[in-house]
Amino acid sequence: MSVIDQTDQADAAPTEAVRHQWTRPEAESIYNLPFSDLVLRAQSTHRSNFDPNTIEFASLLSIKTGGCPEDCGYCSQSARYDTGVGATRLLDQADVIAAAERAKDAGATRFCMAAAWRSPKDRELDRVCDMVAKVKGLGLETCVTLGMLTFEQAERLAAAGLDFYNHNVDTSPEFYDKIITTRTLQDRLDTLTHVRHAGISVCAGGIIGMGEGIEDRLGMLVLLANLPVHPESVPINLWNEVKGVPVADTAARPDPIEVARLVAVARILMPRAVVRLSAGRQYMTDELQALCFLAGANSIFIGDVLLTTKNPQRDRDESLLRRLGMSSKPG
Ligand code: SF4
């Protein structure tokens, strides 16, 4: 085949329309494409929606750690498991603002604040709304994850200027109740609906490596892709290997090629979503991260710690982007 033929073929690679009626068999057949065909399709889709050489840097701060009454079987912050993570109070606003300023200086454009709650109480929500307004005043995009929300609570966060709300679906509908029993998947979808109706952008993804099958990972992506509006951000988390939680007995770290394939499917099913390599990036080699960027991932969390677990250090991230000719700033 001549060079011209090859170029023609690349130009002809399909890019995806935004759709909301994906089926599991469709997702499976995309996932199982020969790898180079899968990556070409994902990269073509990526290029038609994003600058392919720009990676978003987000920063995450735990503003209230541990002591959570929920039973998420993967989580070190559940009060039900003996993980050595103690409960803290909600951080003071001054400490949160100082952390946001440091994150901005380090190159973050989005600052995410996480609290280990089933759902926020009104007094707590008032304090978080104040934090959101102040962090936004620094010129950062704001995101919070506070557990389940009513529509009224979502409206209050929107009024404070919140840009994104994170609430993951975690896994497939079939695997869900093997991981969590204290809130249903429908509870989660209801919170996402409230957030969306309040005019806040949605960050929703899930976790892999908990013992689920590939069909569960794809089921999770199909669930997200069939929401009435795709999440603006889709975090793909590798389960953070913490001791003392039920998932520790079932977990299996995913094969790296499976991770790259899943990222590619996320990109194809949700062409305009920012796909973020989130928790568990410390288990990923530079080569796997590069492969995931090629497959359409375009955001990472920066910082040394993610909630209660490790994250690759900033100089490693900068070195990787430099070697790839990529940038954390819009080009
Ligand atoms: S609700 Fe959040 S903080 Fe609480 S146990 Fe589940 S994942 Fe952990």
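A residue is taken as near the ligand if one of its heavy atoms lies within 4 Å of it. In this predicted model, that rule picks out a shell made up of Cys 68, Glu 70, Cys 72, Tyr 74, Cys 75, Ser 78, Ala 116 and Arg 183. Sorted by class, the shell around the ligand comes out as five nonpolar residues, two charged and one polar.

Next come the helices. Helix α2, covering residues 24–31, packs with helix α9, residues 214–225, at an angle of about 115°, and the two axes sit 10 Å apart. The crossing of this pair is right-handed. On the α2 side, the contact is built from Arg 24, Ala 27, Glu 28 and Tyr 31, while α9 puts in Ile 214, Glu 215, Leu 218, Gly 219 and Val 222. Together these break down into five nonpolar, three charged and one polar residue.

As for the rings, Tyr 31, one of the α2 contact residues, has the charged end of Arg 261 over its ring, 5.9 Å from the centre. Likewise, Arg 19 lies over the face of Trp 22, at 3.9 Å from the ring centre. Pairs of aromatic rings, on the other hand, number zero.

Conventions. Residues numbered from 1 in each chain as written. Predicted model: local features only at pLDDT ≥ 70, side-chain atom pairs only at ≥ 80, totals over all residues. Heavy atoms only, no water. Nonpolar A, V, L, I, M, F, W, Y, C, P; charged D, E, K, R; others polar. Phe/Tyr/Trp six-rings, centres within 6.5 Å; stacked < 30°, edge-to-face > 60°. Lys NZ or Arg CZ within 6 Å of the ring centre and 35° of its normal. Axes fitted to C-alpha atoms, helices over the stretch in contact; angles between N-to-C directions. Helix = DSSP H or I, 4+ residues; strand = E, 2+ residues; numbered from the N terminus. Left-handed = near helix turned anticlockwise from the far one by under 90°. Contact = heavy atoms within 4.5 Å.
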